[in-house]
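Q: Please take a close look at one part of this model. Start with helix packing, then turn to the space around it. Keep it brief and give the cut-offs.

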Amino acid sequence: GASDWCKLKEVNASFLTTDDIGFEYVKNNVWNEAENGKFEKANPEHLEMAKIMAPAAVTIGADKDPTRTVYLQKEYFETDGVVNYDEVNAVILHECHHAMSIGLIGFDLGEYTLSWKLDEAVTDYFTKKVWDKLTEGPLSPLEPDDYYKYSNYSTDLSKRNGANWYGNIAAEIADKVGESNLAQAYFLGETTALNALDADKEFIIAQIKSLL
């Protein structure tokens, strides 16, 4: 599990409005203040960008938020004022893996989209392993396969049954490079593990391109 690899032992979580989570996401993960100046809510163009780009959930990069707070969009998880806490738990679990990991920094696939999809595939792969442990046993109201319907990482979001799940690709990568190497690269940025991934970079690129 994640606790075997990560160094961060506690993660904060907070519900935000659509405007607020969009603002935090763009300001911290997208906007370049050195080139574009400050990103401000008082600027109507900035606020509109925040609304358009607002994610369901996000973890701010460690360089901007060492506490690794997981932000969740309140409206996304509510239907008629009722919160789907099973979905909240699944998404928080996914985001906590981002928060507790290095995120494969040091292993660059040469294109942002490929590197981003690899990070999300590996994140969901390890998230599902923890979900399986949490939902096993007769007393759990949830099943291991319930995770797929809450994951946003499928090549066909109309069929969230696991067949098109990003984590399947990560499993193939784990089989190729060794799950221990994948975990140590993802959670710790360990040099030997990153080198093991680098030795199979062409295989990994081919696998991730199948998600495009």
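A: What follows centres on helix 5, its neighbours and the pocket it helps to line.

This is a predicted model: local features need pLDDT of at least 70, side-chain atom pairs count only at pLDDT 80 or more, and totals for chains, interfaces and linings use all residues. Residues are numbered from 1 along each chain as its sequence is written, and side-chain values use heavy atoms, with hydrogens and water left out.

Helix 5 spans residues 112–135 and packs on helix 7, residues 166–177. Helices here are DSSP runs (H or I, at least four residues) and strands likewise (E, at least two), numbered from the N terminus. The axes lie 8 Å apart, at an angle of about 90°. That makes helix 5 roughly perpendicular to helix 7, a label for angles of 65 to 115 degrees. Axes are lines fitted to C-alpha atoms, for helices over the stretch in contact, and angles run from 0 to 180 degrees between N-to-C directions.

Which residues of the two helices meet? Helix 5 brings Lys117, Leu118, Glu120, Ala121, Val122 and Tyr125. Helix 7 brings Tyr166, Gly167, Ala170, Ala171, Ile173 and Ala174. Contact means heavy atoms within 4.5 Å. By class, 9 are nonpolar, 1 polar and 2 charged. Ala, Val, Leu, Ile, Met, Phe, Trp, Tyr, Cys and Pro count as nonpolar; Asp, Glu, Lys and Arg are charged; the others, Gly among them, are polar.

Helix 8 (residues 179–188) joins this packing. Its buried residues (under 20% relative accessible area, 1.4 Å probe, protein chains only) are Leu182, Ala183, Gln184, Ala185, Tyr186 and Phe187. They pack against helix 4 (85–99), helix 5, helix 7 and helix 9 (191–199). Gly189 follows helix 8, with a positive phi near 65°.

Now the largest pocket. A pocket is an open set of points on a 1 Å grid over the protein atoms alone, with protein on both sides within 12 Å along at least five of seven lines; lining residues have an atom within 4 Å of a point. The pocket holds about 1200 Å³, the space filled by probe spheres set on grid points joined across faces, edges and corners. Its lining counts 47 residues, with Asn29, Thr59, His98, Trp116 and Asp119 nearest the centre. Helix 5 gives the largest share of the lining, 7 residues. Helix 4 and helix 8 are among the elements that each supply at least two. The lining divides into 27 nonpolar, 11 polar and 9 charged residues.

Definitions and conventions
Angles under 35 degrees count as roughly parallel, over 145 as roughly antiparallel, 65 to 115 as roughly perpendicular and the rest as oblique. Buried means under 20% relative accessible area, exposed over 50%, partly exposed in between (1.4 Å probe, protein chains only). On a 1 Å grid over the protein atoms alone, a cavity is a set of points where a 1.4 Å probe fits but cannot get out, and a pocket is an open set with protein on both sides within 12 Å along at least five of seven lines; lining residues have an atom within 4 Å of a point.
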